[in-house]
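Me: Hi! Could you walk me through a structure I'm looking at? I'm new to this, so plain words please.

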Amino acid sequence: MIDITKAVSYPDFEIIENLVRQILHKFYDSVIPKEHTIYFINKYQTAKAIERQVNKGSSYYILKYKGLNVGYLGLNKESDFLLLDKLYLLEDYRGKKIGKKAVEFTDSFAKKTNFSKIKLIVHKENLATIEFYKRMGYKLLEIIPNHFETGQIIENYEMEKVLTKK
């Protein structure tokens with residue numbers, strides 16, 4: 001019912017870009033200027049930008065529910081932690097345990113790649129997502145201001161999960 005498929009080809013990256021364009025505007029346009037969302041997508045989340053990131057070591061995954069592409073996940077290996085860089089779902093598919101499965105997948109990936117910590121950044125006004133990550137074992141660390149070339153400054157929370165060895 002829920003599948004997580006690694007994005008490895010340009011058509012996969014195009015699927016993610018399509019999801020990005022459906023998902024990011026719905027949330028971010030209400031909390032930051034729409035022009036910044038457009039800038040962010042064009043700089044970091046087009047198929048070409050995702051391809052560049054994958055070629056530099058990032059991993060992207062397409063989240064499927066009953067065979068439909070409903071979200072995506074992005075992971076980056078940092079020096080001493082795994083960064084859960086992206087986890088987005090189409091609004092109609094939230095609450096169906098897809099995010100939970102993606103977080104469990106991330107935990108497993110971290111353990112397999114010998115990371116004991118996972119970090120993420122979440123917009124400070126994204127309260128439902130912050131609560132979701134808390135339920136999944138993440139703790140708030142600090143507020144991180146994110147400065148963009150457009151002059152936009154966005155305040156985010158850094159969150160961390162320390163994995164237990166089993």
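Reply: Happy to; we can talk about aromatic rings and then strands, keeping in mind that this is a predicted model.

Me: How many aromatic pairs are there in the whole structure?

Reply: A search of the whole structure turns up eight aromatic pairs. One of them joins Phe40 and Tyr44: the ring centres are 5.3 Å apart and the planes meet at 45 degrees, so this pair is tilted.

Me: Where do Phe40 and Tyr44 sit along the helix?

Reply: Both belong to helix H2 (residues 34–44), and being four residues apart there puts about one helical turn between Phe40 and Tyr44.

Me: And is Tyr44 buried or exposed, or something in between?

Reply: Tyr44 is partly exposed, with a relative accessible area of 29%.

Me: Nice. Which residues do ring pairs link into a cluster?

Reply: Tyr28, Tyr60, Tyr72 and Tyr88 are linked that way.

Me: What sits over the ring of Phe81?

Reply: That's the charged end of Lys119, 4.8 Å from the centre of the Phe81 ring.

Me: Switching to strands: how many residues of E2 are buried?

Reply: Six of the seven residues in strand E2 (residues 59–65) are buried, so the strand is mostly covered.

Me: Which strands does E2 pair with?

Reply: Strand E1 (residues 2–6) pairs with E2 in the antiparallel sense over five bridges, and Ile2 stands opposite Tyr65 of E2. Strand E3 (residues 68–77) also runs antiparallel to E2, joined by seven bridges; there, Leu63 has Gly71 as its bridge partner.

Me: What's going on with Lys66 in the hairpin?

Reply: The hairpin of E2 and E3 has two residues between the strands, and Lys66 takes a positive phi near 50 degrees.

Technical notes. Residues are numbered from 1 along each chain as its sequence is written. This is a predicted model: local features need pLDDT of at least 70, side-chain atom pairs count only at pLDDT 80 or more; totals for chains, interfaces and linings use all residues. Side-chain values use heavy atoms; hydrogens and water are left out. Rings of Phe, Tyr and Trp (its six-membered ring) pair if their centres lie within 6.5 Å; planes under 30 degrees apart count as stacked, over 60 as edge-to-face and the rest as tilted. Buried means under 20% relative accessible area, exposed over 50%, partly exposed in between (1.4 Å probe, protein chains only). A charge sits over a ring if NZ of Lys or CZ of Arg is within 6 Å of the ring centre and within 35 degrees of the ring normal. Two strands pair if DSSP finds at least two bridges between them.
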